[in-house]
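Thanks for coming. Please have the sequence and the structure open while I talk, and stop me if you lose your place.

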Amino acid sequence: MDFQDTPEQAAWRGEVRAFIERERPREYDPDKGMMGGEDGPPRDAPWYRRWQAQLTERGWIAPAWPREYGGAGLGVMEQFILNEEFAEARVPAGSIGNGVSMLGPTIIAHGTEAQQAEHLGRMLRGEVIWCQGYSEPGSGSDLASLQTRAIRDGDDYVINGQKIWTSGAHYSDWMFLLARTDPDAPKHRGISYFLLDMKTPGITVRPLVNMGNLHNFNEVFFEDVRVPAGNVVGEVNRGWYVGATTLDFERSSIGSAVAHRQTLERHFDYWRGHMAAVTHPAGVREELAERWIEASTAKMLSYRVIGMQAAGEIPNSEASIAKMFSTELSQRIAHTAIRMLGTAGQLNGGATAPFEGRLGAGYVASVSATIAGGTSEIQRNIIATRGLGLPRA
Ligand SMILES: Cc1cc2nc3c(=O)[nH]c(=O)nc-3n(C[C@H](O)[C@H](O)[C@H](O)COP(=O)(O)OP(=O)(O)OC[C@H]3O[C@@H](n4cnc5c(N)ncnc54)[C@H](O)[C@@H]3O)c2cc1C
């Protein structure tokens, strides 16, 4: 792959960079991020509304969506450059939750005109935050075994069951969820895809506090929850395939690759400023150097994925390799940082603590990276079977 921008790509990069430089929200603290705790993300903060409105106007909230649906209709290389520049500048994304990235493409491909009219615009303007109701206590990696039931009753379906690990359910307005509509069909075939208003009676959201003492995900219980039949997306019992829809999204994980390098640069600065004069644990310098090489490797893996997409190929095991390598690297970087700081690495918060006491929390938070969005073991299965052609165990 040629790593140089073409003249058109360089011009596009310049346009994105100039926009960010001019308009970036100075109030945003990239070290704190957008996830929020109990109060949720700053969805109504004036600075965020302004930033979001500017991105909406350009179609940059959903760069891959076609223009007629409010996207920018960008090709994968243009999306890649946009994402890379946003990551380099550490500015927030224009959308919160899973609506734009996961639900939007599904509604564009399978939704009725009424569903498109009701939901797409509100999603792009940030008026509605969506959460993803897929995982259940017994169904994560083996998602198709899910047991939440939806039974037709007149013009409605009645939902009973439970979801778990639902990120942001406590501040989301709507949920897209998978529920079983035909328990007698083979497990992938009896599932339907629903849009559910979180204010519907019968829904209980219970917080799950993670081991970093943060409340980001939840359990969600459904007790006789009525959802109109018009809120099924695509064909009934074909929800598994409906949920697998993506648009031509760039899948390179370039944002993480850039973030790894930036994190290491901050660690190097700290080392130069504070560690030269003290005795430090053996081997940490070498570990930092290894992490740097790995961060460069992560970037190359991203380039490989985007190179394939730009050539019209569909990355499969290659995207799994990039995801697995990048998430495992985030854990190694967090581990090395704690080794570098020694006991001070365990400080949690505090203006005088190294990195204001963020690295200990980051170390704990990094554990989930190799679980969310498909575990490392599942990625390895994909790499083994689809990438290397090995037989299924
Ligand atoms: C931070 C975070 C946010 C999340 N947000 C959401 C959300 O918003 N919505 C949502 O629906 N879900 C969400 N999830 C859930 C996530 O999708 C699941 O945790 C994930 O798919 C794994 O499922 P599980 O937890 O049930 O583990 P299991 O599938 O039970 O796996 C347990 C262990 O067994 C291994 N394993 C399982 N099957 C195999 C296999 N075939 N071969 C080899 N090893 C295997 C796994 O790798 C893992 O180590 C979130 C998870 C995290 C950590």
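Start with strand S1, which is covered on both faces. Trp130 and Gln132 are on one side, Cys131 and Gly133 are on the other, and all of them are buried. Keep in mind that this is a predicted model.

What does S1 pair with? Its partner here is strand S4, residues 174-180, in the parallel sense and over four bridges. If you want one pair to look for, Gln132 has Phe176 in S4 as its bridge partner.

Stay in S4 for a moment and find Met175. Leaving aside neighbours within four places in sequence, Met175 is in contact with Trp130, Cys131, Gly133, Ala169, Leu196 and Met198. Which residues touch the most other members of the largest nonpolar core? They are Trp130, Met175 and Phe194, out of 72 residues in that core. Helix H9, residues 317-341, supplies the largest share of this core, with 11 residues.

Trp130 also leads us to another residue, Gly99. Not counting residues up to four places away in sequence, Gly99 touches Gly104, Met123, Val128, Ile129 and Trp130. Gly99 is in helix H4, which covers residues 99-110. Is Gly99 buried or exposed? It has 27 C-beta neighbours inside 10 Å, so it counts as buried. For a sense of distance, take Arg291, which is 192 residues from Gly99 along the chain; their C-alpha atoms are separated by 34 Å.

Now the other strands. Strand S2, residues 149-153, is joined to S3 by five bridges, and the two run antiparallel. Two residues lie between the strands in this hairpin, and Gly154 there takes a positive phi near 65 degrees. S3 is also joined to strand S7, residues 215-228, by eight bridges, again antiparallel. Ile159 of S3 is a useful marker, since it stands opposite Ala150 and also opposite Val225 in S7.

How do the side chains point along S3, residues 156-164? They alternate. Tyr157, Ile159, Gly161 and Lys163 point to one face and are buried. Asp156, Val158, Asn160, Gln162 and Ile164 point to the other face and are not buried. That fits the general rule: in a regular strand the side chains alternate between the two faces of the sheet.

Next, the domains. The chain is divided into domain 1 (7-96), domain 2 (130-243) and domain 3 (254-387). The C-alpha centres of domain 1 and domain 3 lie 23 Å apart. Domain 1 gives eight residues to the contact between these two, and domain 3 gives eight residues as well. On the domain 1 side, the residues that touch domain 3 divide into four nonpolar, one polar and three charged.

Last, the ligand. Which of the 19 residues around the ligand come nearest? They are Tyr134, Gly140, Ser141, Thr375 and Glu377. Two elements give two or more residues to this shell: strand S1 (130-133), where we began, and helix H11 (376-387). By class, the shell has seven nonpolar residues, 11 polar ones and one charged.

Why do we say the ligand lies between domain 2 and domain 3? Because both domain 2 and domain 3 give residues to the shell around it.

To go back over the main stops: S1 is covered on both faces, Trp130 and Met175 are among the residues that touch the most other members of the largest nonpolar core, and the ligand lies between domain 2 and domain 3.

Technical notes:
Residues numbered from 1 in each chain as written. Predicted model: local features only at pLDDT ≥ 70, side-chain atom pairs only at ≥ 80, totals over all residues. Near = placed C-beta within 6 Å. Nonpolar A, V, L, I, M, F, W, Y, C, P; charged D, E, K, R; others polar. Domains from an automatic or database assignment. Buried ≥ 20, exposed ≤ 12 C-beta atoms within 10 Å, placed from the backbone. Pairing = 2+ DSSP bridges. Contact = placed C-beta atoms within 7 Å. Core = buried A, V, L, I, M, F, W, Y, C linked by C-beta atoms within 7 Å.
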